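User: I would like to go through the assignments made for this model and see how each label follows from its value. Please set the number against the cut-off wherever the reasoning needs one.

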Amino acid sequence: MRKICNLMILATLFLITGCAVNLPFNNRLDYSCVSEAKKLNSSKLKPVSIEWTPRGFPNRIDVQGASGFVGGGTQTRVPTGVGLSNRIMEALDTSIGIDNNSKNVLEIHVLSAKTKFEFSAGAFNITPTMDYGWCNFEVEFLYNGYKWNKTFVAEQKDDTIGGMSPTGVLERAWDSIALQVAKNVVYEIELAPKTDNYKESSQYQQRQSERILVEKKIVEDKARQLEEEHDRQHPGGIHN
(Lines give C-alpha, C1' and ligand atoms only; values in the text may rest on other atoms or scores of the structure.)
Protein backbone atom coordinates (compact mmCIF):
# COMPACT_ATOMS: atom_id res chain seq x y z
CA MET A 1 0.00 0.00 0.00
CA ARG A 2 2.84 2.39 0.87
CA LYS A 3 4.42 1.72 -2.52
CA ILE A 4 1.15 2.51 -4.29
CA CYS A 5 0.77 5.74 -2.33
CA ASN A 6 4.30 6.78 -3.22
CA LEU A 7 3.62 6.14 -6.90
CA MET A 8 0.44 8.23 -6.69
CA ILE A 9 2.35 11.09 -5.06
CA LEU A 10 5.06 10.94 -7.72
CA ALA A 11 2.46 10.89 -10.49
CA THR A 12 0.69 13.88 -8.97
CA LEU A 13 3.91 15.87 -8.71
CA PHE A 14 4.73 14.92 -12.29
CA LEU A 15 1.41 16.30 -13.50
CA ILE A 16 1.48 19.50 -11.47
CA THR A 17 5.10 20.55 -11.91
CA GLY A 18 6.92 21.62 -15.05
CA CYS A 19 7.85 18.23 -16.45
CA ALA A 20 7.95 17.38 -20.12
CA VAL A 21 5.08 15.16 -21.25
CA ASN A 22 5.10 13.18 -24.50
CA LEU A 23 1.78 11.52 -25.24
CA PRO A 24 0.88 8.93 -27.92
CA PHE A 25 -1.27 11.06 -30.23
CA ASN A 26 -3.09 9.48 -33.16
CA ASN A 27 -3.06 11.76 -36.21
CA ARG A 28 -5.61 9.88 -38.33
CA LEU A 29 -9.26 10.79 -38.75
CA ASP A 30 -11.67 8.52 -36.89
CA TYR A 31 -13.42 5.95 -39.09
CA SER A 32 -16.89 7.27 -38.23
CA CYS A 33 -15.84 10.73 -39.45
CA VAL A 34 -14.39 9.24 -42.63
CA SER A 35 -17.78 7.63 -43.25
CA GLU A 36 -19.49 10.98 -42.71
CA ALA A 37 -17.08 12.66 -45.13
CA LYS A 38 -17.88 10.05 -47.80
CA LYS A 39 -21.52 11.10 -47.66
CA LEU A 40 -20.46 14.60 -48.81
CA ASN A 41 -19.01 13.25 -52.05
CA SER A 42 -20.73 14.33 -55.25
CA SER A 43 -20.02 13.97 -58.96
CA LYS A 44 -20.28 17.77 -59.17
CA LEU A 45 -17.17 18.16 -57.01
CA LYS A 46 -13.80 18.15 -58.72
CA PRO A 47 -10.50 17.32 -56.98
CA VAL A 48 -8.51 20.23 -55.59
CA SER A 49 -4.88 20.96 -54.85
CA ILE A 50 -4.24 22.19 -51.30
CA GLU A 51 -1.96 25.05 -50.27
CA TRP A 52 -1.39 25.83 -46.60
CA THR A 53 -0.41 29.19 -45.13
CA PRO A 54 1.76 29.17 -43.09
CA ARG A 55 3.44 26.43 -45.09
CA GLY A 56 4.80 24.92 -41.90
CA PHE A 57 1.40 24.58 -40.20
CA PRO A 58 1.04 20.85 -41.06
CA ASN A 59 4.22 20.24 -39.01
CA ARG A 60 3.38 22.51 -36.09
CA ILE A 61 3.78 21.11 -32.58
CA ASP A 62 2.85 23.23 -29.57
CA VAL A 63 4.39 22.89 -26.12
CA GLN A 64 1.90 23.91 -23.45
CA GLY A 65 0.44 23.08 -20.06
CA ALA A 66 -3.02 21.80 -19.28
CA SER A 67 -5.84 24.28 -18.69
CA GLY A 68 -6.94 22.61 -15.44
CA PHE A 69 -5.17 22.38 -12.08
CA VAL A 70 -3.71 18.95 -12.80
CA GLY A 71 -0.82 19.32 -15.21
CA GLY A 72 -1.06 23.10 -15.45
CA GLY A 73 2.70 23.40 -15.10
CA THR A 74 3.63 20.61 -17.49
CA GLN A 75 5.28 21.08 -20.85
CA THR A 76 3.09 18.84 -22.98
CA ARG A 77 3.90 18.36 -26.65
CA VAL A 78 0.61 18.82 -28.51
CA PRO A 79 0.73 18.31 -32.32
CA THR A 80 -2.02 20.84 -33.06
CA GLY A 81 -0.89 21.49 -36.64
CA VAL A 82 -0.04 17.86 -37.37
CA GLY A 83 -3.26 16.49 -35.90
CA LEU A 84 -5.55 19.05 -37.53
CA SER A 85 -3.94 19.15 -40.98
CA ASN A 86 -3.77 15.35 -41.34
CA ARG A 87 -7.41 15.00 -40.38
CA ILE A 88 -8.53 17.88 -42.60
CA MET A 89 -6.61 16.51 -45.59
CA GLU A 90 -8.15 13.07 -45.08
CA ALA A 91 -11.65 14.52 -44.75
CA LEU A 92 -11.21 16.64 -47.89
CA ASP A 93 -9.65 13.80 -49.86
CA THR A 94 -12.60 11.59 -48.93
CA SER A 95 -15.30 14.17 -49.68
CA ILE A 96 -13.83 16.07 -52.65
CA GLY A 97 -10.57 14.48 -53.68
CA ILE A 98 -7.05 15.92 -53.49
CA ASP A 99 -4.84 16.08 -56.56
CA ASN A 100 -1.65 18.14 -56.50
CA ASN A 101 -1.94 18.62 -60.26
CA SER A 102 -5.50 19.90 -60.14
CA LYS A 103 -6.17 23.36 -61.59
CA ASN A 104 -8.67 23.93 -58.79
CA VAL A 105 -6.81 25.43 -55.85
CA LEU A 106 -8.01 25.45 -52.25
CA GLU A 107 -5.86 27.77 -50.16
CA ILE A 108 -6.12 27.29 -46.39
CA HIS A 109 -4.75 30.30 -44.53
CA VAL A 110 -4.68 29.44 -40.83
CA LEU A 111 -5.37 32.62 -38.86
CA SER A 112 -5.49 30.91 -35.48
CA ALA A 113 -5.38 27.34 -34.16
CA LYS A 114 -5.74 26.93 -30.41
CA THR A 115 -6.00 23.77 -28.36
CA LYS A 116 -6.90 23.36 -24.70
CA PHE A 117 -7.02 20.21 -22.60
CA GLU A 118 -7.32 19.00 -19.03
CA PHE A 119 -5.87 15.92 -17.38
CA SER A 120 -8.07 13.59 -15.41
CA ALA A 121 -7.58 14.00 -11.67
CA GLY A 122 -7.98 10.24 -11.30
CA ALA A 123 -5.30 9.33 -13.83
CA PHE A 124 -2.54 8.31 -11.44
CA ASN A 125 -0.40 6.36 -13.86
CA ILE A 126 2.77 6.73 -15.89
CA THR A 127 0.84 8.05 -18.91
CA PRO A 128 -1.49 10.92 -17.85
CA THR A 129 -4.94 10.86 -19.44
CA MET A 130 -6.95 13.78 -20.79
CA ASP A 131 -10.62 14.04 -19.89
CA TYR A 132 -11.35 17.35 -21.66
CA GLY A 133 -10.37 18.66 -25.08
CA TRP A 134 -11.20 21.92 -26.88
CA CYS A 135 -10.10 23.42 -30.17
CA ASN A 136 -10.69 26.71 -31.97
CA PHE A 137 -9.69 26.87 -35.63
CA GLU A 138 -9.99 30.18 -37.49
CA VAL A 139 -9.34 30.08 -41.22
CA GLU A 140 -9.41 32.16 -44.37
CA PHE A 141 -10.22 29.99 -47.39
CA LEU A 142 -9.73 30.73 -51.06
CA TYR A 143 -11.12 28.41 -53.69
CA ASN A 144 -9.93 29.56 -57.13
CA GLY A 145 -9.87 33.08 -55.73
CA TYR A 146 -13.31 32.88 -54.10
CA LYS A 147 -12.69 33.88 -50.48
CA TRP A 148 -14.50 33.28 -47.21
CA ASN A 149 -13.63 33.17 -43.51
CA LYS A 150 -14.85 30.66 -40.98
CA THR A 151 -14.23 29.79 -37.33
CA PHE A 152 -14.67 26.21 -36.19
CA VAL A 153 -15.02 25.20 -32.54
CA ALA A 154 -15.18 21.76 -30.94
CA GLU A 155 -15.35 20.57 -27.34
CA GLN A 156 -15.23 17.03 -26.00
CA LYS A 157 -15.45 15.62 -22.47
CA ASP A 158 -14.82 12.18 -20.99
CA ASP A 159 -16.30 11.58 -17.54
CA THR A 160 -14.83 8.10 -17.12
CA ILE A 161 -11.93 7.91 -14.65
CA GLY A 162 -8.71 7.47 -16.55
CA GLY A 163 -10.45 7.71 -19.91
CA MET A 164 -10.42 5.25 -22.78
CA SER A 165 -7.26 6.70 -24.31
CA PRO A 166 -4.64 9.15 -22.99
CA THR A 167 -5.36 11.63 -25.81
CA GLY A 168 -8.65 10.36 -27.25
CA VAL A 169 -10.83 13.20 -25.99
CA LEU A 170 -8.67 15.85 -27.71
CA GLU A 171 -8.41 13.76 -30.86
CA ARG A 172 -12.21 13.63 -31.04
CA ALA A 173 -12.27 17.44 -30.91
CA TRP A 174 -9.84 17.54 -33.84
CA ASP A 175 -11.98 14.96 -35.68
CA SER A 176 -14.98 17.23 -35.25
CA ILE A 177 -13.06 20.24 -36.58
CA ALA A 178 -11.91 18.29 -39.66
CA LEU A 179 -15.44 17.15 -40.47
CA GLN A 180 -16.77 20.70 -39.97
CA VAL A 181 -14.11 21.98 -42.37
CA ALA A 182 -15.03 19.40 -45.02
CA LYS A 183 -18.74 20.22 -44.77
CA ASN A 184 -18.09 23.96 -44.99
CA VAL A 185 -15.69 23.65 -47.94
CA VAL A 186 -18.12 21.46 -49.89
CA TYR A 187 -20.91 23.97 -49.22
CA GLU A 188 -18.82 26.98 -50.30
CA ILE A 189 -17.39 25.30 -53.40
CA GLU A 190 -20.90 24.68 -54.65
CA LEU A 191 -21.55 28.44 -54.29
CA ALA A 192 -18.26 29.54 -55.84
CA PRO A 193 -18.23 30.98 -59.38
CA LYS A 194 -16.75 28.69 -62.03
CA THR A 195 -13.15 29.57 -62.90
CA ASP A 196 -10.94 28.03 -65.57
CA ASN A 197 -7.17 27.72 -65.15
CA TYR A 198 -6.96 29.71 -61.93
CA LYS A 199 -3.31 28.72 -61.45
CA GLU A 200 -2.33 30.75 -64.51
CA SER A 201 -4.27 33.85 -63.53
CA SER A 202 -2.75 37.12 -62.30
CA GLN A 203 -4.92 36.80 -59.20
CA TYR A 204 -3.18 33.55 -58.27
CA GLN A 205 0.27 35.03 -58.90
CA GLN A 206 -0.57 37.97 -56.65
CA ARG A 207 -1.77 35.59 -53.98
CA GLN A 208 1.51 33.70 -54.15
CA SER A 209 3.42 36.96 -53.63
CA GLU A 210 1.23 37.71 -50.61
CA ARG A 211 1.98 34.27 -49.17
CA ILE A 212 5.72 34.94 -49.44
CA LEU A 213 5.28 38.16 -47.46
CA VAL A 214 3.21 36.34 -44.83
CA GLU A 215 5.88 33.66 -44.47
CA LYS A 216 8.58 36.34 -44.17
CA LYS A 217 6.64 38.08 -41.40
CA ILE A 218 6.21 34.79 -39.54
CA VAL A 219 9.96 34.18 -39.62
CA GLU A 220 10.67 37.75 -38.47
CA ASP A 221 8.12 37.52 -35.65
CA LYS A 222 9.61 34.21 -34.49
CA ALA A 223 13.12 35.68 -34.50
CA ARG A 224 11.91 38.67 -32.50
CA GLN A 225 10.17 36.41 -29.96
CA LEU A 226 13.35 34.38 -29.51
CA GLU A 227 15.38 37.56 -29.02
CA GLU A 228 12.90 38.89 -26.45
CA GLU A 229 12.95 35.55 -24.62
CA HIS A 230 16.76 35.64 -24.60
CA ASP A 231 16.69 39.19 -23.17
CA ARG A 232 14.30 38.10 -20.40
CA GLN A 233 16.49 35.17 -19.46
CA HIS A 234 19.77 37.09 -19.77
CA PRO A 235 19.09 40.73 -18.82
CA GLY A 236 21.99 42.98 -19.67
CA GLY A 237 23.62 40.27 -21.76
CA ILE A 238 25.43 40.75 -25.04
CA HIS A 239 23.80 39.53 -28.25
CA ASN A 240 25.83 37.29 -30.50
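User: Are E140 and R207 buried or exposed?

Analyst: In this predicted model, both E140 and R207 are buried. For R207 the relative accessible area is 11%, and because the label buried requires a value under 20%, R207 qualifies.

User: What makes E140 and R207 a salt bridge?

Analyst: The closest N and O atoms of E140 and R207 are 3.2 Å apart, and since a salt bridge asks for a side-chain nitrogen of Lys or Arg within 4 Å of a carboxyl oxygen of Asp or Glu, the pair is counted as one. E140 belongs to strand β6 and R207 to helix α5, so the pair ties together parts that are 67 residues apart in sequence.

User: Which residues are linked with E140 and R207 in a network of salt bridges?

Analyst: E107 joins them, so that E107, E140 and R207 form a network by the salt-bridge criterion. The closest N and O atoms of R207 and E107 are 2.9 Å apart, and this pair links distant parts of the chain, with R207 in helix α5 (residues 202-233) and E107 in strand β5, 100 residues apart. E107 has a relative accessibility of 1% and therefore counts as buried, the limit being under 20%.

User: How many salt bridges does the structure hold, and which side chain meets that of R87 in one?

Analyst: The structure holds 6 salt bridges, and in one of them the side chains of R87 and D175 meet with an N to O distance of 2.7 Å. Because R87 lies in helix α3 and D175 in helix α4, this pair ties together parts that are 88 residues apart in sequence. R87 is buried, and D175 is buried as well.

User: Why is β5 described as largely enclosed by the rest of the structure?

Analyst: The description rests on a count: 11 of the 15 residues of β5 are buried, so the strand is largely enclosed. As for its pairing, β5 runs parallel to β2, to which 5 bridges join it, and W52 has I108 of β5 as its bridge partner. With β6, by contrast, β5 pairs in the antiparallel sense over 13 bridges, where the bridge partner of S112 is E138.

User: Which residues touch the most other members of the largest nonpolar core, and which element supplies its largest share?

Analyst: L106, I108 and F137 touch the most other members of this core, which has 47 residues. Several elements each supply at least two of its residues, among them α2 (31-38), β2 (49-53) and β7 (146-157), and the largest share, 12 residues, comes from α4. Leaving aside neighbours within four places in sequence, F137 is in contact with residues including W52, F57, L84, I88, V110, F152, I177 and V181.

User: How do you know that the length of α4 agrees with the span expected of a helix?

Analyst: At 1.5 Å a residue the 24 residues of α4 should span 34 Å, and because its end C-alpha atoms are 35 Å apart, the two values agree. α4 is also mostly covered, with 17 of its 24 residues buried. For α3, which has 16 residues, the reach from first C-alpha to last is 22 Å, close to the 22 Å expected, and 13 of those 16 residues are buried. G97, with a positive phi near 110°, follows α3.

User: Why is E155 called partly exposed?

Analyst: E155 has a relative accessibility of 46%, and because exposed requires over 50% and buried under 20%, the value falls in between and E155 counts as partly exposed. E155 is found in strand β7 and, apart from neighbours within four places in sequence, is in contact with Y132, G133 and W134. The C-alpha atoms of E155 and R172, which are 17 residues apart along the chain, are separated by 8.5 Å.

User: How many disulfides does a search of the whole structure find, and why are C33 and C135 called buried?

Analyst: The search finds 0 disulfides, which means that no pair of cysteine sulfur atoms lies within 2.5 Å. C33 counts as buried because its relative accessibility is 11%, and C135 is likewise buried, with a relative accessible area of 0%; the limit for the label is under 20%.

Key: Residues are numbered from 1 along each chain as its sequence is written. This is a predicted model: local features need pLDDT of at least 70, side-chain atom pairs count only at pLDDT 80 or more; totals for chains, interfaces and linings use all residues. Side-chain values use heavy atoms; hydrogens and water are left out. A nonpolar core is a set of buried Ala, Val, Leu, Ile, Met, Phe, Trp, Tyr and Cys residues joined through side-chain atoms within 4.5 Å. Buried means under 20% relative accessible area, exposed over 50%, partly exposed in between (1.4 Å probe, protein chains only). Helices (H or I, at least four residues) and strands (E, at least two) are DSSP runs, numbered from the N terminus. Contact means heavy atoms within 4.5 Å. Two strands pair if DSSP finds at least two bridges between them. The expected span of a helix is 1.5 Å times one less than its number of residues.
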